[in-house]
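The following paragraphs walk through a single protein chain, beginning with one helix and widening from there to its surroundings. Please keep the sequence and the model side by side while reading.

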Amino acid sequence: DTEGLLRIKEENQKHYRRAQRHQEKKEKIQRHNRKLGDLVEKKTYDLKTQYEHLANLRRTHILELTSVIFPIEEVKTSMRDPADMSSESDNAMTSSTVSKLAEARRTTYLSGRWVCDDHNGDTSISITGPWIILPNNGDYSAYYNWVEEKKTTQGPDMEHNNPAHTISAALCYATQLVNTLSLILDVNLPKKLCNRQVKTQQGNHEFCGENLSRHRFTRAVKKLNANILHLCFSQHVNLDLLHPLHTLRNLMYLVSPDTENLGR
């Protein structure tokens with residue numbers, strides 16, 4: 001029993017010495033982990049600083065781009081409210097009729113359904129200049145209506161102020177701006193939309209080439225609107241400001257100096 005007790009004591013001493021070595025190794029690993037944690041924290045701070053610096057650079061480039069090359073502004077139109085004009089011509093008009101006219105003025109029949117639009121008829125959005133504008137409510141029917149008329153009308157086109165021309169030009173510039181913004185922000189766009197006048201399997205550039213049919217035109221507009229919304233979501237633009245049909249207005253909110261997260 002005495003010899004067995006001595007063996008057990010020797011084994012216990014070996015285990016104790018081994019436990020001490022393990023404790024020293026554990027403390028060494030903990031010190032190493034603390035050093036790595038401090039290093040990671042410093043690197044994380046440096047990375048965050050670099051992200052902020054990069055975001056400021058992107059923001060500066062975007063604001064320069066949209067102030068010098070692609071200015072987007074809201075253009076007020078001097079259109080009078082139909083309710084006011086009707087009430088002047090008919091003093092006996094009831095208040096319900098006036099309210100119905102005002103409500104009708106805030107709606108637009110677009111692609112087979114009625115769309116509510118509080119800005120309908122009040123404003124338009126211009127890009128690169130006040131003469132290149134898009135309807136605020138997203139109704140671009142003037143383009144494909146003009147294309148249909150051109151199919152039945154022979155002779156050169158002398159209508160330089162035709163709204164179809166300005167719609168095509170505005171959408172072309174918007175496409176070019178969106179593609180440039182995606183490069184600056186390093187955001188991949190969900191829809192491929194070419195802004196160069198080159199021949200592809202599908203034809204020329206969607207908006208600057210030949211006259212598009214209604215199907216091709218609306219398809220290209222939907223792709224452009226999807227890309228714009230994707231950029232707005234990536235920059236955390238307030239969702240309450242966005243509308244899926246307001247092409248240039250959504251772009252205006254995206255590149256606005258008031259957008260806090262622009263460049264993230």
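Helix α6 covers residues 214-234, and because its 21 residues at 1.5 Å a residue should span 30 Å, the separation of 30 Å between its end C-alpha atoms agrees with expectation; the expected span is taken as 1.5 Å times one less than the number of residues. Helices here are DSSP runs of H or I with at least four residues, strands are runs of E with at least two, and both are numbered from the N terminus. This is a predicted model, in which local features need pLDDT of at least 70 and side-chain atom pairs count only at pLDDT 80 or more, while totals for chains, interfaces and linings use all residues. Residues are numbered from 1 along each chain as its sequence is written, and side-chain values use heavy atoms, with hydrogens and water left out.

Within α6, the buried residues are F217, A220, V221, K223, L224, N225, N227, I228, L229, L231, C232 and S234, where buried means under 20% relative accessible area, exposed means over 50%, and partly exposed lies in between, with a 1.4 Å probe and protein chains only. These buried residues of α6 pack against α4 (141-152), α5 (163-185) and α7. Just after α6, H236 takes a positive phi of about 60°.

F217, which sits in helix α6, illustrates this packing in detail. Its relative accessible area is 1%, so F217 counts as buried. Apart from neighbours within four places in sequence, F217 is in contact with Y140, Y143, Y144, I167, L171, F207 and L212, a contact being heavy atoms within 4.5 Å. Of these partners, Y144 lies 73 residues from F217 in sequence, yet the two C-alpha atoms are 7.6 Å apart in space.

N250 belongs to helix α7, and with a relative accessible area of 2% this residue is buried. Leaving aside neighbours within four places in sequence, N250 is in contact with I228, L229, C232, L241, L242 and H243. The C-alpha atoms of N250 and L231 are separated by 9.7 Å, with their positions 19 residues apart along the chain.

Helix α7 also takes part in the cavity. The structure holds one cavity of 30 Å³ or more, and the largest cavity has a volume of about 40 Å³. On a 1 Å grid over the protein atoms alone, a cavity is a set of points where a 1.4 Å probe fits but cannot get out, and lining residues have an atom within 4 Å of a point; grid points are joined across faces, edges and corners, and the volume is the space filled by probe spheres set on the points. The lining of the largest cavity consists of I125, L134, P135, N136, Y140, L245, H246, T247, L248 and R249. The elements giving two or more residues to this lining are β5 (133-135) and α7 (247-254), with the largest share, three residues, coming from α7. By residue class, the lining divides into six nonpolar, three polar and one charged, where Ala, Val, Leu, Ile, Met, Phe, Trp, Tyr, Cys and Pro count as nonpolar, Asp, Glu, Lys and Arg as charged, and the others, Gly among them, as polar.

At the other end of the sequence, helix α1 covers residues 2-69, and because its 68 residues at 1.5 Å a residue should span 100 Å, the 97 Å between its end C-alpha atoms agrees with expectation. The buried residues of α1 are G4, A55, R58, R59, I62, L65 and T66, and they pack against β1 (72-76) and α5. In strand β1 is found V75, which counts as partly exposed because its relative accessibility is 22%. V75 and I133 are 58 residues apart in sequence, while their C-alpha atoms are 8.1 Å apart in space.

Two loop residues deserve a look at their backbone. T128, in the loop between β4 (123-127) and β5, has a positive phi of about 65° although it is not a glycine. D186, in the loop between α5 and α6, has a positive phi of about 60° and is likewise not a glycine; with a relative accessible area of 61%, D186 is exposed.

Taken as a whole, the protein chain comprises seven helices and five strands, following the pattern α-β-α-α-β-β-β-β-α-α-α-α along the sequence. Buried residues make up 33% of its 264 residues, and among contacts with a separation of 6 or more, 62% join residues 24 or more positions apart.

Note on methods. On a 1 Å grid over the protein atoms alone, a cavity is a set of points where a 1.4 Å probe fits but cannot get out, and a pocket is an open set with protein on both sides within 12 Å along at least five of seven lines; lining residues have an atom within 4 Å of a point.
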